[in-house]
2 protein chains.
Amino acid sequence: MITGKYSDSMIYKRHSIRKFTSTPLKQEDLEHILHSAMAGPSANNYQPWSFVIIDDRALLDGINQIHPYAGMMKSAPLAIVACVVRDTAKSDLFYQQDLGAAIENMLLAAVECGLGSCWCAIHPNARLEKDFADLLKIPDTIFPFAVVAFGYPAETKLASDRFDPSRVQRNSW
Amino acid sequence: MITGKYSDSMIYKRHSIRKFTSTPLKQEDLEHILHSAMAGPSANNYQPWSFVIIDDRALLDGINQIHPYAGMMKSAPLAIVACVVRDTAKSDLFYQQDLGAAIENMLLAAVECGLGSCWCAIHPNARLEKDFADLLKIPDTIFPFAVVAFGYPAETKLASDRFDPSRVQRNSW
């Protein structure tokens with residue numbers, strides 16, 4: 001249970017939602033999610049990302065078939081596949097962190113829109129990367145990193161507080 | 001320039017701030033930042049993170065000496081070193097993404113508190129990891145991943161929109 005001045009923060013309202021209504025996303029909400037992704041920080045400002053919007057039912061079902069934990073795609077009206085641009089080669093060291101931040105921005109933008117979301121990892125699972133590249137005809141210059149389902153929630157989750165004081169030190173051991 | 005319904009989102013107000021006033025953080029703001037970090041999603045909910053609060057001036061100056069891009073530590077009243085817990089070994093594949101999301105949550109929580117922040121990468125630079133581990137006497141069970149400076153901004157940055165429509169595809173190529 002989160003209490004205090006910041007208890008209403010959207011950061012605490014983000015949950016993995018796995019059941020969605022069939023209502024499609026509004027265009028301005030989709031745009032906010034994509035702008036938010038690209039508003040994220042990246043090492044040396046390389047912006048190593050690229051995104052594929054999926055709202056074709058056959059492709060959403062195809063994602064469910066190739067990803068072992070993507071059952072929520074059955075009800076999701078839309079997904080976004082976050083990809084890495086290979087030729088941002090100098091960013092190789094940090095692209096995973098950069099993508100993690102960009103994806104978290106998308107999840108929080110979704111909260112602002114009243115939407116739910118669920119992040120399913122792809123990279124660095126080589127088989128999943130190939131299966132997604134085949135399904136979406138992703139060119140060799142790009143590789144799929146993660147897929148996020150979006151939609152209006154058809155399940156309710158309560159705010160939870162995972163804060164663990166044993167994970168915090170001050171100044172040094 | 002961000003326009004429209006979501007232009008006031010804190011996601012668009014996050015910038016890398018490199019000059020801070022000497023005013024210390026409020027305790028409730030520091031708590032919000034740490035709770036936000038641990039509110040982030042993680043693969044299999046492994047929560048592979050651990051955090052070190054640094055508000056000792058000698059240590060902040062020490063960080064500036066060992067990290068080539070951490071000049072902002074000279075004015076920052078506080079930093080948080082985000083670390084990875086090695087024995088969350090099963091999360092090895094995804095810990096970088098998990099930490100990226102947790103750090104982005106800290107940066108956005110800082111915006112909610114009226115604070116600025118700057119994320120400096122450590123991992124996977126082995127030399128930096130060793131230097132930070134030595135400086136902070138980090139035990140072998142944990143390794144440093146990134147350091148983030150926090151404080152009240154002493155510089156102003158305007159909202160910028162890095163949205164690039166060429167980075168978005170729909171359904172497939």
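## Exercises on a two-chain model

I53(A) stands opposite R170(B), a residue in strand 5 of chain B. This pair is a good place to start exploring the model, which is predicted.

### Exercise 1. A strand that crosses over

Find out how strand 1 of chain A and strand 5 of chain B run relative to each other, parallel or antiparallel, and how many bridges join them.

Solution. Begin with the pair you have just met: I53(A) faces R170(B). Next, look for a second pair, and you will find that F51(A) has V168(B) in strand 5 of chain B as its bridge partner. Now take the two strands as a whole: strand 1 (residues 49-54) of chain A and strand 5 of chain B are parallel, and three bridges join them.

### Exercise 2. The sheet around that pair

Work out the strand order of the open sheet that ends in strand 5 of chain B, and name its edge strands.

Solution. Step one is the order, which reads 3(A)-4(A)-2(A)-1(A)-5(B) across five strands, with mixed pairing. Step two is the edges: strand 3 (116-121) of chain A and strand 5 of chain B each pair on one side only. Step three is the twist: on average, neighbouring strands of this sheet are turned by 25° against each other, direction ignored.

Then add the helices. Helix 3 (residues 95-112) of chain A lies across strands 1, 2, 3 and 4 of chain A, and runs at about 15° to strand 4 of chain A. Helix 4 (residues 126-136) of chain A lies across strand 1, strand 2, strand 3 and strand 4 of chain A too, but its angle to strand 4 of chain A is about 75°.

### Exercise 3. The sheet with strand 5 of chain A

Describe the open sheet that contains strand 5 of chain A, and say which helices of chain B lie on its strands.

Solution. First, read off the order of the five strands: 5(A)-1(B)-2(B)-4(B)-3(B), again with mixed pairing. The edges are strand 5 (168-170) of chain A and strand 3 of chain B, each of which pairs on one side only. Neighbouring strands here are turned against each other by 25° on average, with direction ignored.

Second, zoom in on one pairing. Strand 1 of chain B and strand 2 (residues 78-85) of chain B are antiparallel, with six bridges between them. In this pairing, S50(B) stands opposite C83(B) of strand 2 of chain B.

Third, place the helices. Helix 1 of chain B packs on the sheet, where it touches strand 5 of chain A as well as strands 1, 2 and 4 of chain B, and its direction makes about 160° with that of strand 1 of chain B. Helix 3 of chain B lies across strands 1, 2, 3 and 4 of chain B, at about 15° to strand 4 of chain B.

### Exercise 4. The interface by numbers

Find how many residues of each chain are in contact with the other, how much area is buried, and which element of chain B gives the largest share of its side.

Solution. Start by counting: 66 residues of chain B are in contact with 66 residues of chain A. The area buried between the two chains is about 6200 Å², and carbon and sulfur atoms give 56% of that. Polar contacts come next, with 40 residue pairs between chain B and chain A (both at pLDDT 80 or more). On the side of chain B that touches chain A, helix 3 of chain B supplies the largest share, ten residues. By type, the residues of that side are 35 nonpolar, 17 polar and 14 charged.

### Exercise 5. A salt bridge between chains

Explain why the salt bridge of K5(B) and E28(A) joins two chains.

Solution. The rule finds 14 salt bridges over all chains. K5(B) lies in the segment before helix 1 of chain B, while E28(A) lies in helix 1 (residues 27-38) of chain A, so this pair links two chains. The closest N and O atoms of K5(B) and E28(A) are 3.9 Å apart, and the rule finds four salt bridges across the interface of chain B and chain A.

### Exercise 6. Unusual backbone

Locate the cis peptide bonds before P124(A) and P124(B), and the residue in chain A with a positive phi.

Solution. Keep the background in mind: most residues other than glycine have a negative phi, and most peptide bonds are trans. In chain A, a cis peptide bond with omega of about 5° joins H123(A) and P124(A). P124(A) is in the loop between strand 3 and helix 4 of chain A. In chain B, H123(B) and P124(B) are joined by a cis peptide bond, with omega of about 5°. P124(B) sits in the loop between strand 3 and helix 4 (126-136) of chain B. Finally, K137(A) is not a glycine, yet has a positive phi of about 55°; K137(A) belongs to the loop between helix 4 and strand 4 of chain A.

Notes
Residues are numbered from 1 along each chain as its sequence is written. Chains are lettered from A and ligands numbered from 1 in the order in which they are written. This is a predicted model: local features need pLDDT of at least 70, side-chain atom pairs count only at pLDDT 80 or more; totals for chains, interfaces and linings use all residues. Side-chain values use heavy atoms; hydrogens and water are left out. Contact means heavy atoms within 4.5 Å. Buried area is the accessible area (1.4 Å probe) that two parts lose on being put together, summed over both. A salt bridge is a side-chain nitrogen of Lys or Arg within 4 Å of a carboxyl oxygen of Asp or Glu. A polar contact is a pair of N or O atoms within 3.5 Å; within protein, one must be able to donate a hydrogen and the other to accept it, and residues adjacent in sequence count only if both atoms are side-chain atoms. Helices (H or I, at least four residues) and strands (E, at least two) are DSSP runs, numbered from the N terminus. Ala, Val, Leu, Ile, Met, Phe, Trp, Tyr, Cys and Pro count as nonpolar, Asp, Glu, Lys and Arg as charged, and the others, Gly among them, as polar. Two strands pair if DSSP finds at least two bridges between them. Axes are lines fitted to C-alpha atoms, for helices over the stretch in contact, and angles run from 0 to 180 degrees between N-to-C directions.
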